[in-house]
Amino acid sequence: MDNASAVWSVAQPFVFGGLAGMAATVCIQPVDMVKVRIQLAGEGQKGVRTNPFHLASQIVRTESVSSLYRGLSAGLLRQATYTTARMGLFNTFLSMAHAKNNGRPVTFAQRAAAGLAAGGLGALVGTPADLALVRMQADGTLPVEKRANYRGVGDALMKIAKNEGVLALWNGAGPTVVRAMALNVGMLAT
């Protein structure tokens, strides 16, 4: 195997995993936006309408169709970091386990450990983009004077780091990592 083929063999799961996640994000972003608005609707109030179709039409009517895609840049960055890392790392860890086993099949425990590690590390890498996504989607629900009016994921990351400190980009990382580990052991180990 020549050098270029060897590099592509290692890079392939990272590239295809990230691209698949990004394609899914483009399709699902409006649903995710409606989900976030449902979760934030009427915070601290009773009797607020949370029908997804009503909320989607309200977003389009009061804001714009493009508002359903608010945070898309952050969602794409999240997939480019989290999904790329978790899929690539999982395959890397499986290759390491296979080599350690001297050609014997990888055990379920090894697959589970690879899924846990890949999910956790991927989530840690993707947390800043995930935080930016949530902030960008929630921004439109705030009173006008409290909105950050993020222009994109780069602007969101810069404002968060500047106003709250760089480590604030990993707010929520603990639960995000645990959730990703659990999901990935279930999805990748079986």
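Accessible areas here come from the Shrake-Rupley method with a 1.4 Å probe, and for residues only the protein chains shown count as cover. On that basis, the accessible surface of the protein chain comes to about 10800 Å². Carbon and sulfur atoms hold 65% of that surface.

This is a predicted model, in which local features need pLDDT of at least 70 and side-chain atom pairs count only at pLDDT 80 or more, while totals for chains, interfaces and linings use all residues. Residues are numbered from 1 along each chain as its sequence is written, and side-chain values use heavy atoms, with hydrogens and water left out.

## The whole chain

The protein chain has six helices and zero strands. Helices (H or I, at least four residues) and strands (E, at least two) are DSSP runs, numbered from the N terminus. The pattern along the sequence reads α-α-α-α-α-α. The C-alpha atoms fill a box of roughly 60 × 35 × 30 Å, taken along the principal axes.

How much of the protein chain is buried? Buried residues make up 37% of its 190 residues. Buried means under 20% relative accessible area, exposed means over 50%, and partly exposed lies in between (1.4 Å probe, protein chains only).

Contact means heavy atoms within 4.5 Å. Take the contacts between residues at least 6 apart in sequence: 73% of them join residues at least 24 apart.

The chain has 18 positive and 9 negative charges, and their mean positions are 6 Å apart. Lys and Arg count as positive and Asp and Glu as negative, with His and the chain ends not counted. The place of a charge is NZ of Lys, CZ of Arg, CG of Asp or CD of Glu.

## Helix α1

Helix α1 spans residues 3-40. Where does helix α1 bend? The bend is at isoleucine 28 and comes to about 55°. A proline, proline 30, follows within four residues. The bend at a residue is the angle between axes fitted to the seven residues ending there and the seven starting there.

Buried residues of α1 include Gly17, Gly18, Gly21, Thr25, Asp32 and Arg37. Pro30 is also buried. The cover over the buried residues of α1 includes α2 (52-62), α3 (72-100) and α4 (108-139).

There is one aromatic pair by the rule used here. Tryptophan 8 and phenylalanine 16 form this pair, which is edge-to-face, at 5.6 Å centre to centre and 85° between the planes. Rings of Phe, Tyr and Trp (its six-membered ring) pair if their centres lie within 6.5 Å; planes under 30 degrees apart count as stacked, over 60 as edge-to-face and the rest as tilted. Tryptophan 8 is partly exposed, at 39% relative accessible area. Phenylalanine 16 is partly exposed too, at 44%.

## Selected residues

The table gives the place and relative accessibility of some residues.

| Residue | Place | Relative accessibility |
|---|---|---|
| Alanine 56 | helix α2 | 21%, partly exposed |
| Serine 67 | loop between α2 and α3 | 5%, buried |
| Asparagine 102 | loop between α3 and α4 | 65%, exposed |
| Valine 106 | loop between α3 and α4 | 24%, partly exposed |
| Asparagine 149 | loop between α4 and α5 | 48%, partly exposed |
| Lysine 159 | helix α5 | 26%, partly exposed |

Alanine 56 and isoleucine 38 are 18 residues apart in sequence. Their C-alpha atoms are 9.7 Å apart in space.

Which residues does serine 67 contact, leaving aside its neighbours within four places in sequence? They are Met33 and Ile59. Met33 is among the buried residues of α1.

Two asparagines have a positive phi, a value given here for residues other than glycine. Phi of asparagine 102 is near 55°. Phi of asparagine 149 is near 50°.

Valine 106 is in contact with Leu94, Ala97, His98, Asn101 and Arg111, leaving aside neighbours within four places in sequence. Valine 106 and methionine 96 are ten residues apart in sequence and 9.7 Å apart in space, C-alpha to C-alpha.

Lysine 159 sits in helix α5, residues 153-164. Not counting residues up to four places away in sequence, lysine 159 touches Ala148, Asn149, Tyr150 and Glu164. The C-alpha atoms of lysine 159 and alanine 148 are separated by 8.3 Å, and the two residues are eleven apart along the chain.
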